[in-house]
Amino acid sequence: MSNNISEKFSADKSELGFEYQFYFFLWKLLEMKTGETVSWEVKDDVSLDLSDGTSFLFQLKHTAQHNSDKNPINMTDLDSDLWKTLSNWSQIIYSKGESSKQIAFLQKTFFVLATNKSEAKKSILTRFEEYINGKINFSVLKQEVVNLQKRTENETIKKYISNCLELDDKPLKHFFKNLQFQMGENDLIQKCKDSIKVKMIPNDKIDKVYDSLYSNIRNDNYITIKKGNSISISFEDFHKKYRRCFDKYRSGELIVVDKTTLKLPDNIKDQLFIKQLVDIGDIEKDDSDSQIEFTRFRIQLERSLDEWCQLGDITGAERDDFLEEGITLWKNEFRSKYRGLVDSSLYNEKGLQIIDELRNKTLRIKGQDLSSEVSNGTFYYLADIPKIGFVKDWKDRYEE
């Protein structure tokens, strides 16, 4: 394998691990209760602080390796991810000072290893769980750990296990009791969506809420990190800052398609509505910025109408009535400007007056006011079909 391919594979795995952390962080945000706070890369990969002062530290381990069944590989007894994680936590505990201070820390701290790896049968994880559930005593578990250290020839793993065993027995007992293992956490996106569903979001709106949360929180995290601040979000902050991501989909409000996600046509200058605006002198032939902006408005309106119909938010008849209202508003302006006018040299001037008036109008659908961008996009769309025009002889010029 070449260095370039190897480096790309490593980068891909690193990116997957980063995404895995974010999805887990988002899931924990959605699961928060009053008085709780979730942090990302503050105390650990992710941490959860409860209102009573108890903390849960989450170490997240993602593997891109799969077994013959195409499932993520199992976590083995001498898995580096396992012992490196336990080593890191033991060092945090050890740094608290004398044994009594370590125990005081452990009385309020739990440690969770979450991974997409599966648990092998009769593994050391099984023994940890048996100890946690009171089925075996501490001395049995500790001896199992010592035996693993003797069995491995990997010096790094030996060191990780030694770091754990450096703790005195009293804090080590607490540490092992406070371990939790979340194995097979493979579909965190679905967990996030399930949490959204619980919050009384209709099934056909869950993906929209998820997309809105994902983009907003991701953007806010970037800004927070860029400012040099840590990412910690309390339940109250989450409710205040991101409630809108839920409320707008609960209320039945029509959600306009995000114009930044729209694919623009290759032939922007060849669009009929652009030609109409160029002909009356509203924009120049080489004014690509305005042409792109207006095209986004047109496509945003068209795509939003299509999506609302597909989702059942509006009927086909309501869509037609909305467009007919736009045509009626245009007719009123057109008649007003060209009433009794026969001088063709004034057509462009009148056309500019018409488009100026139309751009100031706010359109409504299902009792909801649309933004200026979407309202303007409606007239651009109608001029592109074309159902409207701005010069008196527009039908002769532009209708096929």
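Glu307 is found in helix H12, and despite being a glutamate it is buried, at 17% relative accessible area. This is a predicted model, and Glu307 is a handy way into it, since H12 also packs against helix H11 at an angle of about 135°. Below is a quick tour: the H12 end of things, the cores, the H4/H5 pair, and a couple of buried residues to click on.

**Charged residues in and after H12**

- Setting aside residues up to four places away in sequence, Glu307 touches Lys208 and Val257.
- A little further along comes Asp313, which sits in the loop between H12 and H13.
- Asp313 has a relative accessible area of 16%; the cut-off for buried is under 20%, so Asp313 counts as buried.
- Once neighbours within four places in sequence are left out, Asp313 is in contact with Lys205, Leu254, Trp308, Glu318 and Lys366.

**H11 against H12**

- H11 covers residues 272–279 and H12 covers residues 288–311, and their axes are 11 Å apart at an angle of about 135°.
- That angle makes H11 oblique to H12.
- As for handedness, H11 and H12 make a right-handed crossing.
- On the H11 side the contact uses Phe273, Ile274, Leu277 and Val278, while H12 brings Gln291, Phe294, Thr295 and Arg298.
- Sorted by class, that contact of H11 with H12 comes to 5 nonpolar, 2 polar and 1 charged residues.

**How enclosed is H11?**

- H11 is largely enclosed by the rest of the structure, because 6 of its 8 residues are buried.
- The buried ones in H11 are Leu272, Phe273, Ile274, Gln276, Leu277 and Val278.
- H12 has company here: the buried residues of H11 pack against H12, H14, H15 and H16.
- After H11 comes Gly281, with a positive phi near 85°.

**The nonpolar cores**

- The largest nonpolar core has 40 residues, and the members touching the most others are Leu277, Leu305, Phe322, Trp330, Ile365, Ile388 and Phe390.
- At least two residues of this core come from each of H11, H12, H13 (316–338), H14 (347–359), H15 (372–384) and H16 (394–398).
- The top contributor to this core is H13, with 7 residues.
- Take Ile388 as an example: not counting residues up to four places away in sequence, Ile388 touches Gln276, Ile327, Trp330, Phe379, Leu382, Ala383 and Trp394.
- There's also a second, separate core of 36 residues, and Ala114, Ile201, Val209 and Phe238 are among them.

**Phe379, one of the Ile388 contacts**

- Phe379 has its place in helix H15 and counts as buried at 1% relative accessibility.
- Leaving out residues up to four places away in sequence, Phe379 touches Gly326, Leu329, Leu358, Leu363 and Ile388.
- Phe379 and Asn229 are 150 residues apart along the chain, and their C-alpha atoms are separated by 45 Å.

**H4 against H5**

- H4 (residues 124–132) and H5 (residues 138–151) pack at an angle of about 160°, and their axes are 9 Å apart.
- That makes H4 roughly antiparallel to H5.
- This time the crossing is left-handed, as H4 passes H5.
- From H4, Ile124, Arg127, Phe128 and Tyr131 meet Phe138, Val140, Leu141, Glu144, Val145 and Leu148 of H5.
- Broken down by class, the contact of H4 with H5 has 8 nonpolar residues, no polar ones and 2 charged ones.

**Val46, towards the other end of the sequence numbering**

- Val46 is found in strand S2, which runs over residues 46–49.
- With a relative accessible area of 0%, Val46 is buried.
- Val46 has quite a list of contacts: not counting residues up to four places away in sequence, Val46 touches Gln21, Phe24, Phe25, Lys28, Val38, Ser39, Trp40, Glu41, Phe56, Leu57, Phe58 and Leu60.
- Val46 and Ser232 are 186 residues apart in sequence, with 9.6 Å between their C-alpha atoms.

Notes: Residues are numbered from 1 along each chain as its sequence is written. This is a predicted model: local features need pLDDT of at least 70, side-chain atom pairs count only at pLDDT 80 or more; totals for chains, interfaces and linings use all residues. Side-chain values use heavy atoms; hydrogens and water are left out. Axes are lines fitted to C-alpha atoms, for helices over the stretch in contact, and angles run from 0 to 180 degrees between N-to-C directions. Helices (H or I, at least four residues) and strands (E, at least two) are DSSP runs, numbered from the N terminus. Angles under 35 degrees count as roughly parallel, over 145 as roughly antiparallel, 65 to 115 as roughly perpendicular and the rest as oblique. A crossing is left-handed if the near helix is turned anticlockwise from the far one by less than a right angle, and right-handed if clockwise. Contact means heavy atoms within 4.5 Å. Ala, Val, Leu, Ile, Met, Phe, Trp, Tyr, Cys and Pro count as nonpolar, Asp, Glu, Lys and Arg as charged, and the others, Gly among them, as polar. A nonpolar core is a set of buried Ala, Val, Leu, Ile, Met, Phe, Trp, Tyr and Cys residues joined through side-chain atoms within 4.5 Å. Buried means under 20% relative accessible area, exposed over 50%, partly exposed in between (1.4 Å probe, protein chains only).
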